[in-house]
Structure formats: C-alpha cells, structure tokens
Amino acid sequence: MTAQGLAFISNSLDDAGINYSFQEWSGNVVYPYFVGDYIESSSDGEKAETQSRFILTGTTNASWLSLESLKEKIREIFPETGKTVIFPNGNGMAVIYSDAVCVPTGTAEFKRIQINFTVKEWRVD
C-alpha cells in the first residue's frame, strides 16, 4: 500500500470519529480503538495495480454491541461497492468492505473484532 492510500483510510476514519492508529496504538488508551495493518499481494494482471488486504482490528472494554455498531459505521464508510478516490497526482484507490470476525481475547473485560477490506490502488506513470 502507498502512504497516500494509508493516509486516505486514516483520514476517512478520523472524519467519522473513529479512534484509529496504524500498526499499534500509542499514547493514552481511549476505548474503543482500532489498529490497522495490511498484507500486500501481487496484482491480478494490471501492471500499475496493487492489491492489498487491509485489516482493521477494534478493541473495547464495553459491550459486543458497541463493536458491532462501529463495524456497521465503518462498513458505511467503506461499503461492499467500495469507496473510491482519485488523488491529485492521478493515482486511484478503492477500499472495499470484505468481511469481519470476532476475535477472542481470553478475558471477559475486552472484546475485539477484525474487519477486513480489499484495497486496490492504481498508479499512473
């Protein structure tokens, strides 16, 4: 993923009031919070295309319902039809909701959910 793409995701979540950080949460913990990372894979044929799996993991000390509500809010930001953008340099990006799974934490105090997205980026040369 490009830095430009990561900034787009971060700004979209920030604009929606979602507590988000890339790779790790730093500073004071404010629940619920989400941490993102990605797995980049080869393109499906287009030379200028990059495809990634973006993984957004949310943690709370409140109820499961609060995480499910935030999952739906995030799903509205990045729907199954995709949220697209063309950047000023002509590069493009689509962030597409894929699926979600509840993640065991081993404790009743914390709840965790993983939300997965497909991200496609295209660059112009």
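# Exercises on a six-stranded sheet and its two helices

An open sheet of six strands runs in the order E1-E2-E3-E6-E5-E4, with mixed pairing. Strands E1 (20-22) and E4 (83-86) stand at the edges; each has a single partner strand, so one side of each is left without a neighbour in the sheet. The twist averages 25 degrees from one strand to the next.

This is a predicted model: local features need pLDDT of at least 70, side-chain atom pairs count only at pLDDT 80 or more, and totals for chains, interfaces and linings use all residues. Residues are numbered from 1 along each chain as its sequence is written, and side-chain values use heavy atoms, with hydrogens and water left out.

Terms for the exercises: helices (H or I, at least four residues) and strands (E, at least two) are DSSP runs, numbered from the N terminus. Two strands pair if DSSP finds at least two bridges between them. Axes are lines fitted to C-alpha atoms, for helices over the stretch in contact, and angles run from 0 to 180 degrees between N-to-C directions.

## Exercise 1. The E4-E5-E6 side of the sheet

Task: Trace the pairing from E4 through E5 to E6.

Solution.
- Start at E4. Four bridges join E4 to strand E5 (residues 92-103), and the two run antiparallel.
- Place the register. Isoleucine 86 stands opposite glycine 92 in E5. Threonine 84 stands opposite alanine 94 in E5.
- Look at the link. E4 and E5 form a hairpin with five residues between them. In the turn, glycine 90 has a positive phi of about 95 degrees.
- Move on to E6. E5 and E6 pair in the antiparallel sense over 11 bridges. Here glycine 92 stands opposite tryptophan 122 in E6.

## Exercise 2. Helix lengths and positions

Task: Check the span of H1 and of H2, then place each helix on the sheet.

Solution.
- Set the rule. The expected span is 1.5 Å times one less than the number of residues.
- Test H1 (residues 3-15). Its 13 residues should span 18 Å, and its end C-alpha atoms are 18 Å apart, which agrees.
- Test H2. Its 14 residues should span 20 Å; the end C-alpha atoms are 20 Å apart, which agrees.
- Place H1. H1 lies across E1, strand E2 (33-41), E3, E4, E5 and strand E6 (111-122), at about 60 degrees to E5. Contact here means heavy atoms within 4.5 Å.
- Place H2. H2 lies across E2, E3, E4, E5 and E6, running at about 10 degrees to E6.
- Note the exit from H1. Just after H1, glycine 17 takes a positive phi of about 80 degrees.

## Exercise 3. The faces of H2

Task: Which residues of H2 are buried, and which are exposed on the other side?

Solution.
- Fix the cut-offs. Buried means under 20% relative accessible area, exposed over 50%, and partly exposed in between (1.4 Å probe, protein chains only).
- List the buried residues. In H2 they are Leu67, Leu70, Lys71, Ile74 and Ile77.
- Look down the axis of H2. The buried residues fall within an arc of 110 degrees, so they line one face of the helix. The arc is that of the directions from the helix axis to the C-beta atoms.
- Recall the geometry. An α-helix has 3.6 residues a turn, so residues three or four places apart point the same way.
- Turn to the other side of H2. Leu65 and Glu76 are exposed there.
- Find the cover. What covers the buried residues of H2 includes H1, E2, E3, E4, E5 and E6.

## Exercise 4. Salt bridges

Task: How many salt bridges does the whole structure hold, and which residues join into one network?

Solution.
- Define the contact. A salt bridge is a side-chain nitrogen of Lys or Arg within 4 Å of a carboxyl oxygen of Asp or Glu.
- Count. A search of the whole structure finds five.
- Take the sheet pair. Arginine 53 and aspartate 99 meet at 3.3 Å, N to O. Arginine 53 lies in strand E3 and aspartate 99 in strand E5, so the pair ties together parts 46 residues apart in sequence.
- Take arginine 75. Its salt bridge with glutamate 72 has the closest N and O atoms 3.7 Å apart. The two are three residues apart in helix H2, so about one helical turn separates them.
- Add glutamate 80. Its side chain meets arginine 75 in a salt bridge at 2.4 Å, N to O. Salt bridges that share partners join Glu68, Lys71, Glu72, Arg75 and Glu80 into one network.
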